Structures are given as structure tokens and as C-alpha cells.
Amino acid sequence: LTGALAAALFAPAPAQAQIDDSSAATYWRRERERMEARQRSLVQRPTRMIRGLAPRQGFAREGEPGAWRNPALARPDAHEGAPRPSATHAAPSGAAETAPGAPAAPAFTIAVLGDNVGLFLAQGLQEAFADRAHVVILRKARENTGLARDDYYDWPKAARELLAGPQKIDAAVMLVGSNDRQPLREGAQSLDPRAPRWREIYAARAQAFADAFRDKGVPLVWVGAPVMQNERLSAGLLELNEIYRETAERAGAGFVDTWEGFVDERHRFKMFGPDVNGLTTRLRASDGVHFTRAGARKLAYFTEGDLRRLMERAAPAPAAPEAILAPPAATTPEPLRAAAPPEAPAVVVPARPDKGPVLPLTGAALSPGGELARPLRAKDPLREGDARAIVERRLLERRATEAPAGRADDFSWPR
């Protein structure tokens, strides 16, 4: 017994599973590889600019300034700003599906031009027309640009080059002004924004921009600059909006005023407000100039109606029903037809006369004797129902009025 107990106490312990210190690292390394493989298989949507025009991780800024694009979507045959369909990101639920064999709707290209705020307008328009696959939004706005510094970027020249390029433009939207409250140079002279000459030159540049689209027959929608948090900047934008309004009227373009959509009841700048669904949310960024996603969508809402009308006007007229349903006479023989049954006699409905029946004004009187009303005289015989007879019976003779049979006060017996 003693030997058995000693053997049990000093026997070697059974072999235990060896713990691999690197198992956790291996797991997370494989998990990272799996996530990276999954990300490579996904096609992300274009960047949503929320604040400061900062792109999300994994997106690169390509081409012209302001054109945020996913490198996974870049391909030679893709229009700028048009999302690439994929199995992961299908069309929205409200998107119209094209039946197999049906002709696709012709593309309607909208070029959005302007400055930093114009970039947010393009973002909002992309979201507004996400359910229309044939609508292409070209984001041609450029940061830190305007009509005051044509030495930095010449918008009238850029408009002419855009219209002369291979890309077909069906409509254009312009939103500028947030960078234009600065001196304007005319030769070697610098003009202050409050000078009358500054306004003349600025209005001429705006007119040259609008005339470029009018000469090409491209509809232009000029969007007025929204209110800003800086009161001095907002006061200057009110003056510029008047220039834009006058320019649009002279060029036959449309003008959209967005000022009232971002002010309170006292016409002051507000950071929060109702979105397109009526829910109170944050509309503007912390700098008081740019917009959030909800604000960009609301900014586009004011322009959306004019653009939809332009689409309806540019849509081809539907073919006549006869042209669609009638078979070709040369290839389809006329089928045999059974003898038609005799037609039932037509029911002739008399036409309604334009005037009603003639009522004579001198017809027979309806009252006895032809008198409508006259005072009772003492010599007149009392008749049942006369007022004098009722008064004499109730007040003088104190007799109860005879109740008609069946009335509640009829106490005659038997009933």
C-alpha cells in the first residue's frame, strides 16, 4: 500500500495541451486578411462629403478639384459622377426597372458648376435623382473659385470649353458667390467690392457665363447663394444674388432663390432646421458656410423641381397607339371575321334644354279669394283654425283645444 501511494504521488503528470502564445495573433491576422478580402470584393459608393470636404478612408481625389471618386469605380467608359451598378449596391427601391427588351431611357446629363457650395449642391442632386438611372450628374464645381478672380479660374472660358467638348450637356446648374467678396483686378488697378465699377465688371462676367449656355441652347438654372453665418458675408451675398437674378432674366435662364430655406423667422442664419422630410436636423457645418448631408439634400430640393420640368420637356413624345398596335399590312394577312350580329337600335337621348320651364307671373292665386293676408273683422264668421277663434276659445271661454286623435294629449275614450 505504501509503495502504491508513493507511485501515485511521484508519478509523472499526464501530458497537457501546449498553449500557443501566437494563437491570438494568428486569429486576428486571419481575421484581418478576411476583412481585407471582403473589402476588395465590395464596391463602395462615392464619397459623402459631410464636413470640410474631407474624403473617407479608402477614397482618393482624382482629376479636377472637387471630383471625389472611388478608385474602384474608375473606368474609361464611365461618366463622371455616375455610380457603377453592382450586386452589392443595387439600385434603390424606388428606382424604375427597365423591362427586358424595352429601349432604355436616353441619358439626361446635368452639369453642376460653381464653388465649394456648388460641390454640396452636386452631392444633393445625386441623392435626389438616385432613383433615375438615366440622369447623370457631372460635378464640375471647383473649390476656391468664383467670378471675381478670373486669373485663378475663368468660369466663362470654362463654360465655353465644356460646351464645346465631346460630353453632351442637357442642362447646367450654377452656384457661386461664397468666394467673391474680394477685390477685383482691372489691369493694374484693384477694385473694392463696394465700388460701382466692381459691380459692372462682375455683372459682365456673369453675363458672359450665362450667354455661353444661351448661345448653345442649353438650359441654365442659376442658384442663388444661401445665407451664411457671417453677417458681413451674408450682406454681400444678397447683393450678388441680385446680380445673378438680373443676369438670369437677361439670358432667359432660371433663377432659384434658396435664402429663405436656411433662415429663421427673423431672417437670421440657423444651424438647425427641417430637412426635406420635415425632421429637425443639423443643416450647416460648424464653419457656417458648408453643409451637412441633410443640408446638401435640402439645397438640391429647391433646384430639383426646375430640373424635373426640363427632363419632361426634353423627353421624346410617346408614339401614337395606332402605330404601336397596328400590324404591318404587307406581312400579316387579315384574319377571317364572323358575321357581325345586327346592331341594336340606338337610344336617342333628348338634349337638355338650355332654359327651364316658363312660369307665368300672373297665374291663378293659391290663397282663397286671392288674398295673401288680411286682418280679421268682428263680423267675419269664426272658422276652425282662425286666430280669433282660438283666442276666444282658450282665453274667453276657457275651453281646451281639441286634440287630434292619436296625439299625446288626446284623452278621448275609447281610443
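Buried means under 20% relative accessible area, exposed means over 50%, and partly exposed lies in between (1.4 Å probe, protein chains only). With that in hand, let us work through some exercises together.

The model is predicted, so local features need pLDDT of at least 70 and side-chain atom pairs count only at pLDDT 80 or more, while totals for chains, interfaces and linings use all residues. Residues are numbered from 1 along each chain as its sequence is written, and side-chain values use heavy atoms, with hydrogens and water left out.

**Exercise 1. Take stock of the whole protein.**

Solution. Start with secondary structure: the protein has 9 helices and 11 strands. Helices (H or I, at least four residues) and strands (E, at least two) are DSSP runs, numbered from the N terminus.

Next, look at burial: 33% of the 415 residues count as buried. The accessible surface comes to about 28100 Å², and carbon and sulfur atoms hold 56% of that. Such areas come from the Shrake-Rupley method with a 1.4 Å probe, and for residues only the protein chains shown count as cover.

Finally, turn to contacts, meaning heavy atoms within 4.5 Å. Among those between residues at least 6 apart in sequence, 65% join residues at least 24 apart.

**Exercise 2. Work out on which side of helix α4 its buried residues lie, and what covers them.**

Solution. First, find the helix: α4 takes in residues 155–164, and its buried residues are W155, P156, A158, A159, L162 and L163. These residues are on the same side of α4 because they cover an arc of only 160° around the axis. The arc is that of the directions from the helix axis to the C-beta atoms. Last, look for the cover, which includes β3 (108–114), β5 (171–175) and α5.

**Exercise 3. Describe helix α5 and the residue that follows it.**

Solution. Begin with length: α5 (residues 196–216) has 21 residues and spans 31 Å from its first C-alpha to its last, close to the 30 Å expected at 1.5 Å a residue. The expected span is 1.5 Å times one less than the number of residues.

Then check burial along α5: among the buried residues are W198, I201, Y202, A206, F209 and F213. To finish, step past the helix end, where G217 has a positive phi of about 70°.

**Exercise 4. Which residues do T247 and A251 of helix α6 touch, leaving aside those within four places in sequence?**

Solution. Take T247 first. T247 is in helix α6 and counts as buried because its relative accessibility is 0%. Its contacts are A203, A206, Q207, A210 and W222.

Now move along to A251, which is in the same helix, α6 (residues 231–251). A251 counts as buried because its relative accessibility is 9%. Its contacts are Q207, A210, D211 and R214. For a sense of the distance in sequence, A251 and A212 are 39 residues apart along the chain, while their C-alpha atoms are 9.5 Å apart in space.

**Exercise 5. How many salt bridges does a search of the whole structure find, and which parts does the E186 pair tie together?**

Solution. A salt bridge is a side-chain nitrogen of Lys or Arg within 4 Å of a carboxyl oxygen of Asp or Glu. The search finds 16 of them.

One of these pairs is E186 with R197, whose closest N and O atoms are 2.7 Å apart. E186 lies in strand β6 (residues 184–186) and R197 in helix α5, so the pair ties together parts that are 11 residues apart in sequence. Both partners are partly exposed: E186 has 30% relative accessibility, and R197 has 37%.

Compare D264 and R268, whose side chains meet in a salt bridge at 3.4 Å, N to O. Here D264 is buried at 18%, whereas R268 is partly exposed at 45%. Sharing of partners also joins E186, R197 and E200 into one salt-bridge network.

**Exercise 6. Which residues make the nonpolar surface patch of about 320 Å²?**

Solution. The patch is made by V391, L395 and L396. Patches are made of residues with over 30% relative accessible area and no salt bridge; like charges are joined within 9 Å, and nonpolar side chains (Val, Leu, Ile, Met, Phe, Trp, Tyr) within 5 Å. To place V391, look in helix α9 (residues 387–396). V391 is partly exposed, with a relative accessible area of 43%.
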